[in-house]
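Hi everyone, thanks for coming. Please have a look at the structure on the screen, and I'll walk you through it.

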Amino acid sequence: MRDLKEQYYRSFRRGFEVEKIAELSREQFERFSGELYGYYRFLYDNRDVMYTEPGDRNMHCILVTTSEYREGILVEAEGYAYPRYAAFVPDCRKIELAGKEVLAQADMSSTLPMEYFQAAGAKKKNERTESR
């Protein structure tokens, strides 16, 4: 989480659109923010709302926060069950969130279907092949 709080160059700044809000307990949020490289069922179940359109500078994200909406983490998983891209939000109350769906019971388990791991392995292999 410390890395997310550091200042980065302007060239890394992107716009974002919050598609859903995952409200966690304070304990769950602390666990999530300390284990950003973990697999999470709620990210898997909502992977279709996290994406970036070609040519669009906005990332479509899930905002992971607590019921107090103080700090949070914007997550864009690009179809994966872990945060591929994340950004720290020091005060979520400054973001327009009216009308956004709230995932009040976000499943923090790492239990994922076997198909996910097979598809993710194939996707990573394709990414390596395309980058050559």
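Let's begin with Glu78, in the loop between S4 and S5. Keep in mind throughout that this is a predicted model. Glu78 has a positive phi, about 50°, even though Glu78 is not a glycine. Is Glu78 buried, exposed or partly exposed? Its relative accessibility is 26%, so Glu78 counts as partly exposed, given that buried means under 20% and exposed means over 50%.

Another residue that has a positive phi without being a glycine is Tyr69, with a value of about 55°. You'll find Tyr69 in the loop between S3 and S4. Tyr69 counts as buried, because its relative accessibility is 18% and the cut-off for buried is under 20%.

Now let's step back and look at the whole chain. The protein chain has four helices and six strands. If you read along the sequence, the pattern goes α-β-α-α-β-β-β-β-β-α. The chain has 132 residues, and 38% of them count as buried. Its accessible surface comes to about 8,400 Å², with 48% of that belonging to carbon and sulfur atoms.

Here is a number about contacts. Take the contacts between residues at least 6 apart in sequence: 71% of them join residues at least 24 apart.

Next, the strands. Which strands does S1 pair with? One partner is S3: S1 covers residues 15-24, S3 covers residues 58-66, and the two run in the parallel sense over nine bridges. If you want a spot to find on the screen, look for Leu24, whose bridge partner in S3 is Thr66. S1 also pairs with S6, residues 101-103, again in the parallel sense, over three bridges. There, Ala22 stands opposite Leu103 in S6.

Just past that strand, let's visit Ala104, in the loop between S6 and helix H4, which spans 114-130. With a relative accessibility of 51%, Ala104 counts as exposed, since the cut-off for exposed is over 50%. Ala104 and Leu24 are 80 residues apart along the chain, yet their C-alpha atoms are separated by 7.2 Å.

Asn46 gives us a contrast. This residue lies in the loop between H3 and strand S2, which is 51-52. Asn46 counts as buried, because its relative accessibility is 7%. What does Asn46 touch, leaving out residues up to four places away in sequence? The answer is Lys20, Ile62 and Leu103. You've met Leu103 already, as the residue opposite Ala22.

On to the aromatic rings. There are seven aromatic pairs, counting rings whose centres lie within 6.5 Å. One of them is Phe32 with Phe42, a tilted pair at 5.9 Å centre to centre, with 55° between the planes. This pair links distant parts of the chain: Phe32 is in helix H2, residues 26-34, while Phe42 is in helix H3, residues 41-45, ten residues apart. Both Phe32 and Phe42 are buried.

Tyr39 and Tyr82 make another pair, this time edge-to-face, at 5.6 Å centre to centre and 85° between the planes. Here too, distant parts of the chain are linked: Tyr39 is in the loop between H2 and H3, and Tyr82 is in the loop between strand S4 (72-76) and strand S5 (85-89), 43 residues apart. How does accessibility look for the two partners, buried or exposed? Tyr39 is partly exposed, with a relative accessible area of 32%, whereas Tyr82 counts as buried at 13%.

That pair belongs to a wider group. Tyr39, Tyr44, Tyr80, Tyr82 and Tyr116 form one aromatic cluster. Tyr44 has a charged companion as well: Arg47 lies over the face of Tyr44, at 4.0 Å from the ring centre.

One last topic: cysteines. How many disulfides does a search of the whole structure find? The count is zero. Two cysteines to look for are Cys61, which is buried with a relative accessible area of 4%, and Cys92, which counts as buried at 0%.

To recap with two things to find on your own screen: look for S1 pairing with S3 over nine bridges, and for the tyrosine cluster that includes Tyr44. Thanks for listening, and I'm happy to take questions.

Technical notes. Residues numbered from 1 in each chain as written. Predicted model: local features only at pLDDT ≥ 70, side-chain atom pairs only at ≥ 80, totals over all residues. Heavy atoms only, no water. Phe/Tyr/Trp six-rings, centres within 6.5 Å; stacked < 30°, edge-to-face > 60°. Buried < 20%, exposed > 50% of the residue type's maximum accessible area, 1.4 Å probe, protein only. Lys NZ or Arg CZ within 6 Å of the ring centre and 35° of its normal. Contact = heavy atoms within 4.5 Å. Areas by Shrake-Rupley, 256 points an atom, 1.4 Å probe, with all protein chains shown as cover. Pairing = 2+ DSSP bridges. Disulfide = S-S within 2.5 Å.
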